[in-house]
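Work through the exercises below with the sequence and the 3D structure at hand. Each task is followed by a worked solution.

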Amino acid sequence: MIVRRARARDLEAVLRLWATARSQAASTPDDAPGVAHAIEQGALLVAEDAGAIIGTLIAGWDGWRGNMYRLAVAPDRRRLGIASQLVEAGETLLRSRGARRITALVGREDRVAMALWRAAGYGHDAGIARFVRNL
Ligand SMILES: CC(C)(COP(=O)(O)OP(=O)(O)OC[C@H]1O[C@@H](n2cnc3c(N)ncnc32)[C@H](O)[C@@H]1OP(=O)(O)O)[C@@H](O)C(=O)NCCC(=O)NCCS
């Protein structure tokens, strides 16, 4: 298994994976233009095994902070440390781009996702509220 930057030809495989491994808290649609943008920005990481895409992470850098989205692992490949490896690779990428702090958005009621981020060493920041607006 390797973790690498996604390439344009991974687009359909990423969408197929997200159709089976979407966070309960995700609200933006998973569509080809959105995935293509993330790939062009060099922000989409994939875990690949024997030619199959089995995990993803978007590690975005906005020039100030790092943000992680769309951490997902194929249902039949869970509890093998794949998400942990993706997060580590995302941290390496964001650190190399200049990030000093990383945020991950996690559904408060999502027991599995909360456990994952805690296990990865992220603290729950209960003091900050998130304000959002769709464009
Ligand atoms: C959350 C998700 C990405 C975890 O992927 P994974 O590859 O199974 O995670 P890992 O094997 O790296 O788990 C690392 C640690 O996280 C915690 N963890 C992961 N899954 C867990 C579960 N189902 N229950 C409790 N703890 C869990 C454990 O501490 C685990 O370490 P351990 O296996 O040694 O106990 C995966 O379940 C998934 O794709 N879920 C659907 C999409 C989603 O909700 N993504 C999160 C968005 S914030």
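**Exercise 1. Packing of two helices**

The axes of helix H1 (residues 11–20) and helix H2 (residues 32–40) come within 10 Å and cross at roughly 120°. The model is a predicted one. Classify the arrangement of H1 and H2, give the handedness of the crossing, and describe the residues that form the contact.

Solution.

Step 1. Two packed helices are described by the angle between their axes and the distance between the axes. For H1 and H2 the angle is roughly 120°. Angles of 65 to 115 degrees count as roughly perpendicular and those over 145 as roughly antiparallel, the rest between them being oblique. H1 is therefore oblique to H2.

Step 2. The crossing in which H1 passes H2 is right-handed.

Step 3. On the H1 side, the contact is made by Leu 11, Val 14, Leu 15 and Trp 18. H2 contributes Ala 32, Val 35, Ala 36 and Ile 39. By class, the residues of this contact are eight nonpolar, no polar and no charged.

Step 4. An α-helix has 3.6 residues a turn, so residues three or four places apart point the same way. The contact residues of H1 are Leu 11, Val 14, Leu 15 and Trp 18, and each of them is among the buried residues of H1.

**Exercise 2. The buried residues of H1**

Which residues of H1 are buried, and which elements do they pack against?

Solution.

Step 1. The buried residues in H1 are Leu 11, Ala 13, Val 14, Leu 15, Leu 17 and Trp 18.

Step 2. Their packing partners are helix H2 and the strands E2, E3 and E4.

**Exercise 3. Salt bridges**

How many salt bridges does the structure hold? Take the pairs Glu 48 with Arg 4, Asp 30 with Arg 22, and Asp 49 with Arg 77, and place them in the structure.

Solution.

Step 1. There are five salt bridges in the structure.

Step 2. One of them joins the side chains of Glu 48 and Arg 4, at 2.6 Å from N to O. Glu 48 belongs to strand E2 (residues 44–49) and Arg 4 to strand E1 (residues 2–5), so this pair ties together parts that are 44 residues apart in sequence. Both Glu 48 and Arg 4 are buried. Arg 4 and Glu 48 are also linked with Asp 10 in a network of salt bridges.

Step 3. Asp 30 and Arg 22 form another salt bridge through their side chains, with an N to O distance of 2.9 Å. Asp 30 counts as partly exposed because its relative accessibility is 24%. Arg 22 is partly exposed too, with a relative accessible area of 36%.

Step 4. In the salt bridge of Asp 49 with Arg 77, the closest N and O atoms are 2.7 Å apart. Asp 49 lies in strand E2 and Arg 77 in the loop between strand E4 (66–73) and helix H3 (82–97), so the pair connects parts 28 residues apart in sequence. Asp 49 is partly exposed at a relative accessible area of 25%, and Arg 77 is partly exposed at 24%.

**Exercise 4. Surroundings of two strand residues**

Is Leu 57 buried or exposed, and which residues does Leu 57 touch? Repeat the analysis for Val 3.

Solution.

Step 1. Leu 57 is in strand E3 (residues 52–61). Its relative accessible area is 0%, so Leu 57 is buried.

Step 2. Not counting residues up to four places away in sequence, Leu 57 touches residues including Ala 43, Leu 44, Leu 45, Met 68, Tyr 69, Leu 86 and Gly 90. Leu 86 is 29 residues away along the chain, yet the C-alpha atoms of Leu 57 and Leu 86 are separated by 6.4 Å.

Step 3. Val 3 is placed in strand E1. With a relative accessible area of 27%, Val 3 is partly exposed.

Step 4. Leaving aside neighbours within four places in sequence, Val 3 is in contact with Leu 45, Val 46, Ala 47, Gln 85, Leu 86 and Ala 89.

**Exercise 5. Backbone angles in two loops**

What sign does phi have at Ala 50 and at Arg 79, and where do these residues lie?

Solution.

Step 1. Most residues other than glycine have a negative phi.

Step 2. Ala 50 is not a glycine, but has a positive phi of about 50°. Ala 50 sits in the loop between E2 and E3 and is exposed, with a relative accessible area of 82%.

Step 3. Arg 79, also not a glycine, has a positive phi of about 60°. Arg 79 is in the loop between E4 and H3 and is exposed at a relative accessible area of 84%.

Conventions:
Residues are numbered from 1 along each chain as its sequence is written. This is a predicted model: local features need pLDDT of at least 70, side-chain atom pairs count only at pLDDT 80 or more; totals for chains, interfaces and linings use all residues. Side-chain values use heavy atoms; hydrogens and water are left out. Axes are lines fitted to C-alpha atoms, for helices over the stretch in contact, and angles run from 0 to 180 degrees between N-to-C directions. Helices (H or I, at least four residues) and strands (E, at least two) are DSSP runs, numbered from the N terminus. Angles under 35 degrees count as roughly parallel, over 145 as roughly antiparallel, 65 to 115 as roughly perpendicular and the rest as oblique. A crossing is left-handed if the near helix is turned anticlockwise from the far one by less than a right angle, and right-handed if clockwise. Contact means heavy atoms within 4.5 Å. Ala, Val, Leu, Ile, Met, Phe, Trp, Tyr, Cys and Pro count as nonpolar, Asp, Glu, Lys and Arg as charged, and the others, Gly among them, as polar. A salt bridge is a side-chain nitrogen of Lys or Arg within 4 Å of a carboxyl oxygen of Asp or Glu. Buried means under 20% relative accessible area, exposed over 50%, partly exposed in between (1.4 Å probe, protein chains only).
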